[in-house]
Every structure is written in structure tokens, then in C-alpha cells.
Amino acid sequence: MGKNLLKKVWEMHKVRTLPSGQDQLFIGLHLIHEVTSPQAFAMLAERSLKVLHPERTFATVDHIVPTDDQNRPFKDELAEQMIQALEGNTAEHGITFFGLDSGLQGIVHIIGPELGLSQPGMTIACGDSHTSTHGALGAIAFGVGTSQVRDVLATQTLALNPLKVRRIEVKGTLGSGVYSKDIILRVIAELGVKGGLGHAYEYGGPAIEALPMEARLTICNMSIEGGARAGYINPDRVTFEYLKDRRFVPKGEGFERAVQYWKQIASDPDAEYDDRFELDADTLEPMVAWGINPGQAVGVLEKLPVLSELKTEDREVAEIAYSHTRFRQGRPIKGQKIDVAFIGSCTNGRISDLREAARLVQGHKAAAHVKALVVPGSQAVAGQAESEGLPEIFLQAGFQWRRAGCSMCLGMNPDVLQGDQVCASSSNRNFIGRQGSPTGRTLLMSPAMVAAAALAGEVADVRELAQGGRE
Amino acid sequence: MSRSKSVIREITGRALAVRGNDVDTDRIIPARYMKELTFDQLGQYSFYDQRFDSSGKSLDHPLNDPRFEGASVLLVNKNFGCGSSREHAPQALMRWGIRAIIGESFAEIFAGNCTALGVPTLTVGNGEIEELMKLVEAEPQTEFRIDLESRQVQAGSSKVSFSLSASQAQVFLSGTWDTATSLLDGLEEVQATAARLPYIKDFPYDRPRG
């Protein structure tokens, strides 16, 4: 039997077995940001430790940056303190920092792939759970806590338990108006938010192979929402073409050598897996996560679950979800009124997401009662969108056009829900309070579905709005 | 770091139960309280939005219940700590006074973060957790004695076996749960591993000027 990518990468990066029985694993790329790193730098200082590989560490600022007025100092003093701490720590330790004036700043999981820092066959760590995103390039990428950020800073390694690998095979072809976001929401709905415990997810099959890189990033991004420690897609021609000529990717002969390695690192055709799961893209419809975790999701034409029909365990969480959302059991989610529409985040803040949303809203207007927001995932995405005239399209459709940052995905910057507003969101989590208001309600969906909801003022089926596009 | 290098064999104290599956780290500590440069002040924000309404009025929650004041063992259900990798969540609980968590299952990043702080995450079956939860809810004064060596918890007259990963057991019982120390021991091998990697050796990052 052959080996899967995770096993190959793990073996290459294993430094040794620790006394605990865990493996010490070398980390090829460490990405840091302002929220989970200051305490780690303080821990280093306490022990008089240095950053072992500053040249393999890259920083940016994303969670706390305001997306409207970015003049310094920030109005929020705490946010200003956090960006200053990161500026100070990166300067002191010789770490490249993509700050607001760099033209390269953005959400950490957008800029890693965009700059070609994230590459196939690499191990990647970041103090953020959505680090799984980078797996789309064929990397093994881990979200970690702050003590582990300290560990990587000091030793460029992590202490990790080996993972099992579940192959998620997606057959068929996505219909128009159905996107990679719908694939991952369906996978999580089927396998559950704890279904991936102890596993990495390897996504493959015809429907995955047909996806461009940006759509693949969306899928791997949400692996963690299914409980998986990591998620990846084997590198292929799409990967190599995506990486070619990116800023940090070797050029010329170096690129040829890289492609040789990247090809070898992919799972063997007869690779072994600990588990397998199959999904059919042909029958997939646009998904909406309606509850308080991303696994509580239904097709846009399906009805919300009836409590009495659920298994005990699902029922308990669904009861909390209904008491929080006040949505009605057994009713379709289509037609649910929304107050806010958010397009952005590390899940869906890339240029292809914005292009598709712009295509759908062009010549239309957002419903009068809806506050609609488009937040590019990085300064590079913003620049590209501007060169294509997308901001004008959004502005004419009644959307606000913002600057790069995490924005309304989480309540750490001025973009937050008010009271019990319902938000159609292209982000990744619908946890209670996630979007900054303890009583706020989040409906997760593809950016195209968010665009459709913004125009209708309620959850709508993007397939009815216009002929949906294909990824 | 004064607690590093300390062997953790036994944890004693009273317990409290926070019921529910899939309790995410946004619920354990809302993101707006993460705008802090240190973890020092986080304890007070544990489960904040579950404990207080928007006007600041105290809600019915075990962490607000004076009967559980000073409890050091937290009882939970399945997939506790899912979602965001924020270490702020276990840091908040630890600074609230929690020294061990017993539950049906834990999200992996959360459990790893707890281990790095010297807070064991112990797993028991559904029947056992229900028994322990009912016990503390009826008798909050019940003393818990968790023995990591025998992997048993004694609570009043109840004795329950728990499981603990081999690596967690090893690091707590040997006092090496502070991973940085053991990782630093292998620095020479770290550099040797790095030197063998194709993306370091054969096709390093292109570093454009400016």
C-alpha cells in the first residue's frame, strides 16, 4: 500500500519522538498575528529565548484592524496597543511584518497562499484555528494556542500526536449556483462538528479536482469546523499554476525543482486511509447553516429540523439553537428575513468570491433594510478588485466597500452585529455571540448566497436570482 | 512560568458542572475580551455572555452560583472547547481557578492548550459524567480527588475511572507538561531536520528586494 500526503510530510518533518510519546515536528512556515502572539513573545522574554528561525516567520495584522478608518492611532486604544506590540516584537526579532502600509497586509490565511509562502509538502502553524486553510495547497497546517506559538518561535517545532486520515471523496459536478462552501457545509452537516476528532481530512475526487485554488482554500478553511485537526488537498496542476510567479515562490529552475518535490509529496494512488467518506456533488444544493454551530446546516430548499425527529444528542444542541435564534422548527430557512449581509473573511474574502458576488448584484439594489458589507481579505485582493471596477458595482448596489481585515467574522473590531440582528454571512462560524453581539444570529452561506440574500432582504436561492456561475 | 517542571499527580477540590455539548471557545470567552496583551485579567470573563445579560444583569449560571465558588474541577459534556484555537479560553478557566476538566470529549486544540497550562482534560463515559454532574448539583460541597496515576476520581462515595492519553499522563506525572523545555532539548536535531528539507535546501523562498 502507498502512503498518503500526511504520512509523507509527517515523516519528513519529524525531528524525534518526545518522552511523552508525541512527535516533535518541524514547522516550515510560522504565521503570526496580533491577537495570539504578544503573550508568546512575553513568554520568550521571561526565559531569555530567541526566535530560532525569524526568516521562516511572517506577521500581519488582521483581527483587530478597523475596516473603515485605518488612520493611526486607532480609535480603539486596546487595538492600537495590540498592533504596536506586534510592530515592536517583529522589529526586535527580525521578523517580516506585513503592516497596513505594506500593500501586502491582509487576513493571515489569505496572504499566506497569495504571497506563495504556503507551499505543498510544508508544515505550517499559526495561532488561529483556520490555519487549516493552507492545506488546500497540499500543506499540513495546524491552528495552535499561544503556548504553542511560543514553542514554534523558540524551537520551530511542535509537540503533536500523530493523526489519522479520512479521505473525503466528492464525486460528480457542482451545479450552477452551488459552490465549494456548499460542499464543506454539507460535509460538516453529515459528519458533525466532532466527526473529525483525531483526524486530518483529505479532500479529493472529481468535484474537488475540478475546483480552482481559491475554492479549495474555502473547503480546507472549514476543516476545523468539522473537528478535524487539519485538512488538505493533494497538489496538482491547479496548485502549481496557482503558485507560479507568486512573490515568495522560487522562479526558473528553482520552480522546476519545487514542482518535482510537490509531485512526489502527493498521496500515492494506492494510499492507505483510516476512514473514507463519499459525497455526491451532483445533488448538492446551496447550503445555509442556521443554528449555533456550522454543522447545523440545511439545503436552502430544505426545512429546518423538527426537534422530535432528532437524535437525543443533536436535539439538545438544536434546542439551544432554537432558543437562541427563535427560528421555527419545520419551516424552510428560505424567506428568513435578514438585517445584515457580510461578504468577506478568511473563508470567502478572495477575489473570486468578490467577482461572483459583484456579478450577481450588478444592476440590482440591496433591500433597503439590509446593511451590506464587502470586506476584501487582503490589500492585494482590494487592489485587484479596484482594478476590475468591483467597488463601484458594490457601491451602486448599496453595499459598503471596506478595507482588508477579519471584520464581521468575529467581534474584535468595530464591525459587529447589534442586538439580535440576523446576518447572512460568508464567514465560518455561527457560534452564539461570534459576530460581536451576544444575541446576534448568524446564517453561514456562500458569498453568492449572501449577495442573493442582500438583494432579497431575506434568505434566497441564488439559483433563482440569475443564472449562477461555476467555480 | 513558576508552575513549570512541577509534577501533577493529584488534584483535589470541589467541582462544578457546565452542561451542554459542543461548547465553543467563543462561549468560554467572547472575542471582545481578547484585546489584552497578557492573559492575567481573563479569569473574570469566563463564560461572560452566559453569566450576564446585555445590561450586565447576572444570569443563572453555575459560575455565578455562590455554592460553587472556589470549585477547581470543571465537569462538561461532549466536544468541549471546539472552534477557535484561542488559548485565552483555557487561560480564562485556569485563572478562574479551574485545575482539571472532566468531560465526555474535548476538541483537540483546546485539550492541547490545557495540557500546555498543566490543566488535565480527563474523559469519562456518558453515564459517568451524568452521575458526577448530578452529584455536584445536589451536593456542591462534595470533594473530588483526581488521581492521575490510578486514573480514578473519587467524589464522595462515587469512584469513577477516567481515561487520559498516554502522552498527557506521561507529561503530568513526570512534570514535563511545559512543552517548550522538552522541545528545546532537541535543538540540534531540529536544525538537522531543517537542513534536509527540500524547500529549505533546494528551492528556498524567493526574497524579492523591498
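Biologist: How many residues of chain B are in contact with chain A?

Modeller: Bear in mind that this is a predicted model. On the other side of the contact, chain A brings 75 residues. The number for chain B is 58.

Biologist: And which helix gives the most to the side of chain B that touches chain A?

Modeller: Several elements give two or more residues to that side, among them α1 (25-28), α6 (166-174) and α8 (187-196) of chain B. By class, this side of chain B has 26 nonpolar, 18 polar and 14 charged residues. The top contributor, with six residues, is α4(B).

Biologist: Let's go inside chain A. How far apart are the centres of domain 1 and domain 3 of chain A?

Modeller: Chain A is divided into domain 1 (5-160), domain 2 (164-250 + 262-283) and domain 3 (287-463). Taking the centres of domain 1 and domain 3 of chain A over C-alpha atoms, the separation is 28 Å.

Biologist: Which helix gives the largest share of the side of domain 1 of chain A that touches domain 3 of chain A?

Modeller: The contact here involves 21 residues of domain 1 of chain A and 21 residues of domain 3 of chain A. On the domain 1 side, the classes come out as nine nonpolar, nine polar and three charged residues. Four residues, the largest share of that side, come from helix α4 (residues 108-114) of chain A.

Biologist: Now the sheets. Which strands stand at the edges of the open sheet of five strands in chain A?

Modeller: The order in this open sheet is β5-β4-β3-β6-β7 (chain A), and the pairing is parallel. From one strand to the next, the twist averages 20 degrees. The strands that pair on one side only are β5 (96-98) and β7 (140-143) of chain A.

Biologist: Which residue stands opposite A:H30 in β4(A)?

Modeller: Strand β3 (residues 29-32) of chain A and strand β4 (residues 57-60) of chain A run parallel, joined by three bridges. Opposite A:H30 in β4(A) stands A:T57.

Biologist: There's an open sheet of four strands too. Why is one side of β11 and of β12 of chain A left without a neighbour?

Modeller: The order of that sheet is β11-β10-β9-β12 (chain A), with parallel pairing. Its neighbouring strands are turned by 20 degrees against each other on average, direction ignored. β11 (230-233) and β12 (275-280) of chain A are at the edges, so one side of each lacks a neighbour in the sheet because each has a single partner strand.

Biologist: What is the bridge partner of A:V165 in β10(A)?

Modeller: Look at strand β9 (residues 164-171) of chain A, which runs parallel to strand β10 (residues 199-204) of chain A, with six bridges joining them. In β10(A), the bridge partner of A:V165 is A:A200.

Biologist: On to helix packing. Is α2(A) roughly parallel or oblique to α5(A)?

Modeller: The axes of helix α2 (residues 38-46) of chain A and helix α5 (residues 146-155) of chain A come within 8 Å and cross at roughly 55 degrees. Angles under 35 degrees would count as roughly parallel, and 65 to 115 as roughly perpendicular. The crossing angle therefore makes α2(A) and α5(A) oblique.

Biologist: What about the handedness of that crossing, left-handed or right-handed?

Modeller: The residues making the contact include A:Q39 and A:M43 of α2(A), along with A:V149 and A:L153 of α5(A). By class, the contact has six nonpolar, two polar and one charged residues. The crossing of α2(A) and α5(A) is right-handed.

Biologist: And α6(A) with α8(A): roughly parallel or oblique?

Modeller: Helix α6 (residues 180-191) of chain A and helix α8 (residues 213-221) of chain A have axes that come within 8 Å and cross at roughly 20 degrees. The cut-off for roughly parallel is under 35 degrees. That angle therefore makes α6(A) and α8(A) roughly parallel.

Biologist: Any backbone oddities? Which residue is joined to A:R72 by a cis peptide bond?

Modeller: Most peptide bonds are trans. In this one, omega is about -10 degrees. The partner sits in the loop between β4 and α3 (77-93) of chain A, and the residue joined to A:R72 is A:P73.

Biologist: Last one: what is the phi of A:S345?

Modeller: Most residues other than glycine have a negative phi. A:S345 lies in helix α12 (residues 345-348) of chain A. Although A:S345 is not a glycine, its phi is positive, at about 90 degrees.

Key: Residues numbered from 1 in each chain as written. Chains lettered and ligands numbered in written order. Predicted model: local features only at pLDDT ≥ 70, side-chain atom pairs only at ≥ 80, totals over all residues. Domains from an automatic or database assignment. Contact = placed C-beta atoms within 7 Å. Nonpolar A, V, L, I, M, F, W, Y, C, P; charged D, E, K, R; others polar. Pairing = 2+ DSSP bridges. Axes fitted to C-alpha atoms, helices over the stretch in contact; angles between N-to-C directions. Parallel < 35°, antiparallel > 145°, perpendicular 65-115°, else oblique. Left-handed = near helix turned anticlockwise from the far one by under 90°.
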